[in-house]
Amino acid sequence: MFTVKGIGQLVSLFLSVTALVFALQAIPARGEEVAVVDVARVIDASNPGKEGQRRVDNLKKELDAEMDSFRKGLGKVKENDPRLVQKQAQLAARYQAEFSRISGLLMVEFRRVTNEWLKGNKKGITVVVPASSVIAASPSTDINAEILRLFNAVTIDFNKK
């Protein structure tokens with residue numbers, strides 16, 4: 001009933017679109033050092049990302065069970081029955097709202113952690129860009145491990161609305 005993509009993949013897609021819009025404005029001036037982070041990979045590998053994905057997966061199971069129960073309660077009906085279609089739309093909206101909320105919480109913390117790293121780095125890095133918007137980069141610009149280490153230390157309260 002629902003298509004589940006990784007939270008990190010959704011965030012990465014969002015960042016790619018955002019980066020495209022600001023690409024020309026975000027090109028660093030000469031002398032600025034750039035680092036690259038694979039947002040989707042870091043979030044998916046992180047403890048907060050795994051917790052967020054677990055919550056989304058559990059919600060999907062709950063909504064699927066709710067849909068099955070609703071379908072059984074109607075008895076024998078066609079798949080295009082308006083009641084089924086309406087219920088599927090309601091459940092899909094609930095799923096999407098929660099997926100977006102969890103993705104948003106992850107992204108807020110990811111940005112905070114990345115900014116924290118940026119302010120304290122001793123490499124002279126002044127710009128961090130998502131790997132999904134970079135055509136090519138030297139391996140020395142990859143800061144995934146450093147950001148993952150910091151992001152793993154974050155605790156996100158996914159229960160707050």
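**Stop 1: Asn144**

Select Asn144 and check its surroundings: with a relative accessible area of 6%, Asn144 is buried, because anything under 20% falls in that class. You're looking at a predicted model, by the way, so treat each number on this tour as something computed from that model. Asn144 belongs to helix α5.

Which backbone nitrogen lies 2.6 Å from a polar atom of the Asn144 side chain? Show the backbone of Asp38 and you'll have found it: the nitrogen there is the partner. Now bring up the other residues around Asn144. Skipping neighbours within four places in sequence, Asn144 is in contact with Val36, Val37, Asp38, Arg41 and Val42. So Asp38 turns up twice at this stop, once for its backbone nitrogen and once in the list of contacts.

**Stop 2: zoom out to the whole chain**

Switch to a cartoon view. You should be able to pick out five helices and two strands. Start at the N terminus and follow the chain along: the order is α-β-α-α-α-β-α.

How many residues does the chain have, and what percentage of them count as buried? There are 161 residues, and 36% count as buried, so Asn144, at a relative accessible area of 6%, is one of the buried residues. Next, turn on the surface. The chain exposes about 10000 Å², and carbon and sulfur atoms supply 57% of that.

One more thing while you're zoomed out. Take the contacts between residues at least 6 apart in sequence: 84% of them join residues at least 24 apart. Keep that in mind as you go on, as several of the next stops pair up residues from separate parts of the sequence.

**Stop 3: where α4 meets α5**

Select residues 82-120, which make up helix α4, and then 144-152, which make up α5. The axes of the two helices come within 10 Å and cross at roughly 120°. Are they parallel or oblique to each other? Oblique, because of that crossing angle. The crossing of α4 past α5 is a right-handed one.

Now show the side chains that make the contact:

- From α4, pick Leu106, Glu109, Phe110, Val113, Thr114, Glu116 and Trp117.
- From α5, pick Glu146, Ile147, Leu150 and Phe151.

**Stop 4: Thr114**

Stay in helix α4 and click on Thr114. Buried or exposed? Thr114 is at 9% relative accessibility, so it counts as buried. Its side chain reaches the backbone oxygen of Phe110 at 2.8 Å. Leaving out residues up to four places away in sequence, Thr114 touches Val128 and Ile147. You've already met Ile147, on the α5 side of the helix contact. Val128 is new on this tour, so add it to your selection and look at how Thr114 touches it.

**Stop 5: Glu109**

Move along helix α4 to Glu109. With a relative accessible area of 18%, Glu109 is buried; the cut-off here is 20%. What does Glu109 touch, not counting residues up to four places away in sequence? Colour Phe151, Val154 and Ile156 and you have the set. Try a distance too: Glu109 and Ile156 are 47 residues apart in sequence, yet 7.8 Å apart from C-alpha to C-alpha.

**Stop 6: Asp157**

Go on to Asp157, in the segment after α5. Asp157 counts as partly exposed, at 42% relative accessibility. Its side chain reaches the backbone nitrogen of Asn159 at 3.0 Å. Then select Pro48 as well: Asp157 and Pro48 are 109 residues apart along the chain, with their C-alpha atoms separated by 9.5 Å.

**Stop 7: Pro139**

Find the loop between β2 (125-130) and α5, and click on Pro139. Its relative accessibility is 72%, so Pro139 counts as exposed. Measure across to Ala35: the two are 104 residues apart in sequence and 9.6 Å apart in space, C-alpha to C-alpha.

**Stop 8: Arg94**

Finish back in helix α4, at Arg94. Arg94 counts as partly exposed, at 42% relative accessibility. Select Leu59, Leu63 and Glu66 to see what Arg94 touches, apart from residues up to four places away in sequence. Last distance of the tour: Arg94 and Lys60 are 34 residues apart in sequence and 9.8 Å apart in space, C-alpha to C-alpha.

Key. Residues numbered from 1 in each chain as written. Predicted model: local features only at pLDDT ≥ 70, side-chain atom pairs only at ≥ 80, totals over all residues. Heavy atoms only, no water. Helix = DSSP H or I, 4+ residues; strand = E, 2+ residues; numbered from the N terminus. Buried < 20%, exposed > 50% of the residue type's maximum accessible area, 1.4 Å probe, protein only. Contact = heavy atoms within 4.5 Å. Areas by Shrake-Rupley, 256 points an atom, 1.4 Å probe, with all protein chains shown as cover. Polar contact = N/O pair within 3.5 Å; in protein donor to acceptor, adjacent residues only side chain to side chain. Axes fitted to C-alpha atoms, helices over the stretch in contact; angles between N-to-C directions. Parallel < 35°, antiparallel > 145°, perpendicular 65-115°, else oblique. Left-handed = near helix turned anticlockwise from the far one by under 90°.
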